[in-house]
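Colleague: I am new to this structure and would be grateful for a close look at a single part of it. Please begin with the part you have in mind and then relate it to its surroundings.

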Amino acid sequence: WLQAVYKALVLLVIACPCALVISTPVTVVSGLAAAARRGILIKGGVYLEEARKIKAVAMDKTGTITEGKPKLVASEVLPSPIPETRVLRWAGDLAGHSDHPVSRAIARELDQGNGQLEGFTALPGRGSQARIEGQTLILGNHRLIEDRGLCSPEIEARLAVHEALGRTVTMLATDTQVLAIFAVADTIKESSRQALAELHALGVVSVMLTGDNTATAQTIARQAGIDDARGNLLPEDKLSAIEDLQKRYGSTAMTGDGINDAPALARADIGIAMGAAGTDTAMEAADVVIMNDDLRRIPETIRLSRRTHAVLWQNIGLALGIKAIFLGLAIFGNATMWMAVFADMGASLLVVGNGVRLLRK
């Protein structure tokens, strides 16, 4: 009777599932902590585990691939009855009321008058519109001007020169004609080139989604080493592009920092926001926030996810393997209580120690 009770207690201790129960959470929490130490805030273990499956990464241009500090490099006032000084002042006033990096770059270089803007309206992915001194004005990209029917062969030729150089072109126009052309250039981050090379090494396809014209997008893509570039995209177009990439490649991540990127960030399997220069809307919609706006954190997240997954299965194997060995010994009467305690507490300590290895550099 006593021997039977002893064996039953040994089996009961061995059967305790502590190691198996803690093997997953301790590994996932270690992975999340390791990411946080690197400036990568992941909003839950499910996104850490999902990152290893990423096959394609879509990303915005301004502030994500580039520095996000564009400069006005060229401006041209077209012939019209309106004085040049007034045209530039209108452009400065309208640009000064927008929070888009391109508009801010224009506003920094142009004088702004005291004219009151009426009915200022932001046109997502296109530009802005307002009334100044009784005149309805728009300040927007190539697509907006085309939609308003204001493009001409002469203007197209002027734009082609700037777009071939990878510049972002913005135009000031009335309801009837284009008044001025502004070319803004941004610098590609050196870290972006390194990040894209690392993504390619991991077998991940890179795609740029931007509201800029297609020619500028392709020029920037060639310089940065991006596989595919799509331009002239509105927020809803970026959303459709993400859905297309998901059908083509599978698990897709979206990286961005602006309000225009929020729908795509929410739709992607994993949304990644730039935390330093990103808007609150983008960070709220994203699943991962990169605090230092370094794209190299994306391949690092994928590598960390793959390593976390490997350690997770190691822990599950350790927990079940040790239990199975000592269970066999107990059935044949070769296990003692101290062996049972080792099978229980020892396995728990092993999976904890293996999990916290993720915290190492």
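Modeller: Asp-293 is a suitable place to begin: with a relative accessible area of 10%, Asp-293 is buried, because buried means under 20%. Please bear in mind throughout that this is a predicted model. Asp-293 belongs to the loop that runs between strand E13 (288-290) and helix H14 (297-331). Its backbone deserves attention, since phi of Asp-293 is near 55 degrees, a positive value in a residue other than glycine. Most residues other than glycine have a negative phi.

A second residue of this kind is Glu-133, whose phi is likewise near 55 degrees, a positive value in a residue other than glycine. Glu-133 sits in the loop between E5 and E6. Its surroundings are described by another class, however: Glu-133 has a relative accessible area of 45% and is therefore partly exposed.

To return to the first loop, Asp-294 forms a salt bridge with Arg-296, and the closest N and O atoms are 2.7 Å apart. The two partners fall into separate classes of accessibility. Asp-294 counts as buried because its relative accessibility is 8%, whereas Arg-296, at 29%, counts as partly exposed.

Leu-295 leads from here to another part of the chain, for Leu-295 is in contact with Thr-64. Thr-64 is found in helix H4 (residues 61-65). Its relative accessibility is 0%, so Thr-64 counts as buried. Leaving aside neighbours within four places in sequence, the contacts of Thr-64 also include Met-59, Lys-189, Ser-192, Thr-255, Gly-256, Asp-257 and Met-274.

Helix H4 and the loop before it also take part in salt bridges to distant parts of the chain. Asp-60 forms a salt bridge with Lys-238, with 3.2 Å between the closest N and O atoms. Asp-60 lies in the loop between strand E2 (56-59) and H4, while Lys-238 lies in helix H11, and the two are 178 residues apart. Both Asp-60 and Lys-238 are buried. Beside this pair may be set Lys-61, which forms a salt bridge with Asp-212, the closest N and O atoms being 3.0 Å apart. Here Lys-61 is in helix H4 and Asp-212 is in the loop between strand E9 (205-209) and helix H10 (214-224), 151 residues apart. Both Lys-61 and Asp-212 are buried. The structure holds 19 salt bridges, and some are joined together: Asp-228, Arg-230, Asp-244 and Arg-248 are linked in a network of salt bridges.

The spaces within the model may be considered next. There are 3 cavities of 30 Å³ or more, and the largest cavity holds about 60 Å³ of space. Lys-61 reappears here, as the lining of the largest cavity includes Lys-61, Thr-62, Thr-66, Pro-70 and Val-102. Further along the chain, Gly-166, Thr-168, Val-184, Ala-185, Asp-186 and Ile-220 also line this cavity. H4 and E8 each supply at least two residues of that lining.

Helix H4 has a part in the largest pocket as well. About 880 Å³ of space lies in the largest pocket, which is lined by 41 residues. Of these, Asp-99, His-100, Pro-101, Gly-125 and Asn-260 lie nearest its centre. The elements that give two or more residues to the lining include H4, helix H6 (101-109), strand E4 (117-123) and strand E5 (127-132). Strand E6 (135-140), strand E7 (168-173) and helix H11 (235-249) are also among them. H6 gives the most to this lining, with 4 residues.

Helix H6 therefore merits a few words, since it has several residues that meet the buried cut-off of under 20% relative accessible area: Pro-101, Val-102, Ser-103, Ala-105, Ile-106 and Ala-107. What covers the buried residues of H6 includes H4, strand E3 (71-77), helix H5 (84-96), E7 and strand E8 (178-185).

The beginning of the chain offers a contrast to these buried positions. Trp-1 is found in the segment before helix H1 (2-14), and its relative accessibility of 82% is why Trp-1 counts as exposed. Together with Leu-2, Val-5, Leu-9 and Leu-12, Trp-1 forms a nonpolar patch on the surface, and the accessible area of these residues together is about 630 Å².

How values were computed:
Residues numbered from 1 in each chain as written. Predicted model: local features only at pLDDT ≥ 70, side-chain atom pairs only at ≥ 80, totals over all residues. Heavy atoms only, no water. Patch = residues over 30% accessible without salt bridge, like charges linked within 9 Å, V, L, I, M, F, W, Y side chains within 5 Å. Areas by Shrake-Rupley, 256 points an atom, 1.4 Å probe, with all protein chains shown as cover. Salt bridge = Lys/Arg side-chain N within 4 Å of Asp/Glu carboxyl O. Buried < 20%, exposed > 50% of the residue type's maximum accessible area, 1.4 Å probe, protein only. Contact = heavy atoms within 4.5 Å. 1 Å grid on protein atoms, 1.4 Å probe; cavity = no way out; pocket = protein on both sides within 12 Å on 5 of 7 lines; lining within 4 Å. Points joined across faces, edges and corners; volume = space filled by probe spheres on them.
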